[in-house]
Structure formats: structure tokens, C-alpha cells
Amino acid sequence: MHYQDYCQLVAGWQQLLGRFTDSLRRQVEAIVAANTEELASHFYATMLEDPHASLFLSNEQVKQRLHPSMQRWLTSLFAVGNTAGEALESLIRQQEQIGQVHARVDIPVNLVLSGARHLKQRLYEFFAEQLVDPALGGQAAIYASDNIDMAMEIMSHAYSLANDRNARTEEAYRLFSLTQNLGSERERQRAALLDWENNLMFAVAAAQDTEALPRLGASEFGLWYHHKAMHAFEGVQEVRAISETIARIDQSLLPAIAGEDRQQAMARLTEIREGTRSIHLLLNGLLERAAGLEAGRDALTKLLNRKFLPVVLNRELEMSRAAGKTFALLMVDIDHFKRINDTHGHEAGDQVLQQMAALLDRNTRGGDYLFRLGGEEFLIVVVDTDAERARLFAERLRRQVEAEDFLVAADTLIEVTVSLGLALHHGHPDYQRLMRSADEALYQAKHGGRNRLVIATP
Ligand SMILES: Nc1nc2c(ncn2[C@@H]2O[C@H](COP(=O)(O)OP(=O)(O)OP(=O)(O)O)[C@@H](O)[C@H]2O)c(=O)[nH]1
């Protein structure tokens, strides 16, 4: 969602650029191009003086990456060629992405704005020294300032949207779990659905006309669903399916009943019954997931689920910044899990997942975090470690799994192996980078033949 659509933003930016002559913009472009390196260095040096900002920047990886990306950002922002709609649209997307990264890394907005202010100051100095026509200095400064402000505006909006989204999801879940007892809610809503169905049957039997037939959306269940569940589970797949089924029942199936002969009406009623059955199943799944989410745990393995991953990783990043200790991410993925499901059945697969979770739990220390990322993939946050200790731990884990017999039926034991990807935190403040490294290492372990550990290169 964008606060203005791309067309409006592009038009706004074009209008801004249109206030300045091509000749002025070319001169600014040339000055920026000739000084990107120096601008990036100036930005970095000034920000490092701020103790708060240096928390995010005093890291070799950031330093190495920030310079080239800052230079690219400046170049594209002042490229005279970037005036056409398409080019500006991609410039807008670039600013949005930067805003999202800032939100993820949790850089305070005031630091970003302060960086922009320092950049502007340095640019004004360059204009004073290097403009072919020094009389254009004022115009050049306004242009550079407005242009950077436009980028900041888009960035800040993306930033606040990303932050809002996280807060809203958490808030919605909290609200939901505060007002509902999930176990009893399931029974209550199941009864409410049945109630509506009974009322409908009665109304049809009494040959009431279409208008008098009770609508599912307006029933006790419908009200609960629209006012609470939909809000709490916004964006979840089941919610879309339930909403579609309610709409189909109320808008197509019910109106069709009255006009039809008895046989056709029965067919519609059967469809409605199937609809309510599927709503019931979807709801069960949803509430089960909610029960897990509420506690931040995966229902099957009782390990942590993804919900708290950003919170945990950001906290570990902060602790490692403060204490100078490091941590590692270890991704663990069961090999050929589909084959286990296919050969022994889905329930056996579930049992393997549970046994694997227990094995991982036994082999990790109290401070480590264990997540089930989904399917047959697990993540261990190995705290307070170093490259060698993390490698030894991961290798030992691989061997433990290899040595363990997994029970898939009363009399059936099978062998299971895992592939592992290990990435050691090297101080970069964006946890997604570390996740990607571990994921790539895991991918290599799979493609290198499975049942092996690959360590990501820093
Ligand atoms: N029993 C069970 N199976 C699941 C669960 N979640 C995902 N799966 C299944 O896990 C299987 C994963 O298969 P793939 O992603 O192809 O991976 P794989 O067979 O382990 O192969 P590699 O990872 O390449 O070694 C799929 O068949 C999923 O249906 C679950 O909770 N329980």
C-alpha cells in the first residue's frame, strides 16, 4: 500500500525536477558523479562521530557495503536521465526498499535524517567550489535539497508502514487472545454455525421467501468472524477462503434457493452444507494455529515459530554489539523428508519431526533458541560462540542425528539424516543477511550430497 499511488508520486517528482533547467541539473549531476566517493566517506565519517549511529555502522561489512551503495544511491538520485516515468518509478521503489531495510535494522529515523543533512551540507560546499556558473549556487542547493527530501519522504513512509505492520499484527493477536479463550471459542463458533444452518433449514421448510432467509454474514458466527477473527488473522490464507465461502453462500446460493424447484433447492442446500463444513475445517486450522502463535510456538513440535524470530535475532544482535560476543545461525533440514512421508505416511512424518525437535532440544544449551521455520526446516540460534565451537557443535549434531533411530511405527525404526548450513554473525546489523548466508550454506549442503555441514563464508 502506498500513501500516494506511483502515478501521483512520479508526477510529484517530475514536477519538482521540472522547476530546474536541464543545464543546472547536468552540472549538479557532474559534480555529484565526480564526488560520490568523497560524499560517501564524509557521510560515514560524520555519522561515526555520533555514538548512537556508530552502533549501526562500526562494522567492517557495513563499511564495505555502505560506500558503494551510498554512491549508487547518489548517482541514481541525481541522474538527469532518470526523469521518465519508468525510471522514476524504479527510483521510488529503491527508496521504499531502503526504508524497509532501515525498519528491519531498526535505525532510528532521526539518524537517517541527520545523515541526509550532512550530505546536503557537503554538497553545498561542492557547489560553491565547483559550479561552472557560481551564480547558480542557490538554485543548485535548492534542487539538491528538494530532491534528497523527496527520497527521504518516500523512505520514511516505507519505514513507518513496515513498523506499523509489525505492531499491528502483534496488537491484533494480543487483542484476540485477550478477548478469546481459543479452546472454548472453537466450540462456541461451531455451535453458532450449526445454529445458523438449523435456522436456514427451518426457514426453507417454512417456504419463506428469499429475503427472509437468514444470512450467514449477519449470524452470530458471521458477526464474530467479521469483527474479530478477520481482523486478528488478516492476510492469512484460511481467512480469504472463509470470506469467499460466506460471500458465495449469502450472495449466490441463498438468493438462488427461492426461485428454484424443489430438487434444485435441495442441491443448493447441499452446497451450502458443504460450504459450512469447509468453513468449520478452515476455522479449526486457524484457531489451532492461533493457539500456537499466541504462545509463539509451533503446534506440532512445541518449538518457537517464526513469529518471534525478528525479536530474538534483533535482541541477539544488540547483545553481541554491546558485549562484543558473537552468535551463529544454524539451519537444519531433514533430508528426503518427502520420501519418509510417502513411504510411512504423514503421521510418521509428524513423529519424525517431533523426535527431531526433541533431539535438537537435548543437544542445545539453555541460552540457545530453537525454531521450526516450517516443514522440515529448523533454525538454531547458537548464542555466545565462535567459529570453531559453532562448527564442532553443528558437526556433532549431524552425527547425533545420523546415529539416532527414528520411530515411525510401533515396530519400525528408520534412519534419518540432516543437512546443515552454518553462518557466524560478523557484526552486520541486518539479521536477514545472516539468515540468507545460512540458507545459502544449507542449499550447498543439499546439493553437495546431503548429510553434511556447510559453513557460510563471511
Ligand atoms: N508429516 C509432515 N510433513 C510435512 C509437514 N510440513 C511439510 N511436510 C512435507 O515435507 C516435505 C518436504 O519435501 P521437500 O521440500 O521436497 O524436501 P525433502 O523431501 O526433505 O528433500 P530435501 O530437503 O531436498 O532433502 C513435503 O512433502 C511436505 O508436504 C508436517 O508438518 N508434517
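**View 1. What lies over the buried side of helix 16.** In this predicted model, the cover over the buried residues of helix 16 includes helix 12 (309-323), strand 1, strand 6 (418-424) and strand 7 (453-455). The residues being covered are Tyr 431, Leu 434, Ser 437, Ala 438, Asp 439, Ala 441, Leu 442 and Ala 445. You can check the helix with a ruler: 17 residues (431-447) at 1.5 Å a residue should span 24 Å, and the end C-alpha atoms lie 25 Å apart, so expectation and model agree. Just beyond, look for Gly 449, which follows helix 16 and has a positive phi, near 120 degrees.

**View 2. The open sheet of five strands.** Read across the sheet and you will meet the strands in the order 2-3-1-6-7, with mixed pairing. Strand 2 and strand 7 are the edges; each has a single partner strand, so one side of each has no neighbour in the sheet. From one strand to the next, the twist averages 20 degrees. Helix 16 packs on this sheet, where it touches strand 1, strand 6 and strand 7, and its direction makes about 145 degrees with that of strand 6.

**View 3. Strand 1 beside strand 6.** These two strands run antiparallel and are joined by seven bridges. A handy pair to look for is Ile 334 with its bridge partner in strand 6, Val 418. While you trace the backbone here, keep in mind that side chains in a regular strand alternate between the two faces of the sheet.

**View 4. The hairpin of strands 2 and 3.** Strand 2 (residues 369-374) pairs with strand 3 (residues 377-385) in the antiparallel sense, over five bridges. Along this pairing, Leu 370 stands opposite Ile 380 of strand 3. Two residues separate the strands of the hairpin, and Gly 375 in the turn has a positive phi of about 45 degrees.

**View 5. The shell around the ligand.** Gly 375 appears again in this view, since the residues that come nearest to the ligand are Asp 335, Phe 337, Lys 338, Gly 349 and Gly 375, out of 17 around it. Two or more residues of the shell come from each of strand 1 (326-334), helix 13 (337-344) and helix 14 (346-363). Sorted by class, the shell holds eight charged, five polar and four nonpolar residues.

**View 6. Tyr 225 in helix 9.** Helix 9 (residues 220-232) is home to Tyr 225. Tyr 225 counts as buried because 24 C-beta neighbours lie inside 10 Å, and the cut-off for that class is 20 or more. Leaving aside residues up to four places away in sequence, Tyr 225 touches Met 230 and Ile 242. The C-alpha atoms of Tyr 225 and Ile 242 are 9.1 Å apart, although 17 residues separate the two along the chain.

**View 7. Ala 79 in a loop.** For a contrasting spot, go to the loop between helix 4 (60-77) and helix 5 (85-105), where Ala 79 is found. Ala 79 has 15 C-beta neighbours inside 10 Å and therefore counts as partly exposed. Its C-alpha atom is 9.0 Å from that of Ala 33, 46 residues away along the chain.

**View 8. Stepping back to the chain.** Altogether the chain has 16 helices and seven strands. Of its 458 residues, 28% are buried. Among contacts with a separation of 6 or more, 70% link residues 24 or more positions apart.

Terms used
Residues are numbered from 1 along each chain as its sequence is written. This is a predicted model: local features need pLDDT of at least 70, side-chain atom pairs count only at pLDDT 80 or more; totals for chains, interfaces and linings use all residues. A residue is near a molecule or strand if its C-beta atom, placed from the backbone, lies within 6 Å of it. Helices (H or I, at least four residues) and strands (E, at least two) are DSSP runs, numbered from the N terminus. Ala, Val, Leu, Ile, Met, Phe, Trp, Tyr, Cys and Pro count as nonpolar, Asp, Glu, Lys and Arg as charged, and the others, Gly among them, as polar. Two strands pair if DSSP finds at least two bridges between them. The expected span of a helix is 1.5 Å times one less than its number of residues. A residue is buried if 20 or more other C-beta atoms lie within 10 Å of its own, exposed if 12 or fewer, and partly exposed in between; C-beta atoms are placed from the backbone. Two residues are in contact if their C-beta atoms, placed from the backbone, lie within 7 Å. Axes are lines fitted to C-alpha atoms, for helices over the stretch in contact, and angles run from 0 to 180 degrees between N-to-C directions.
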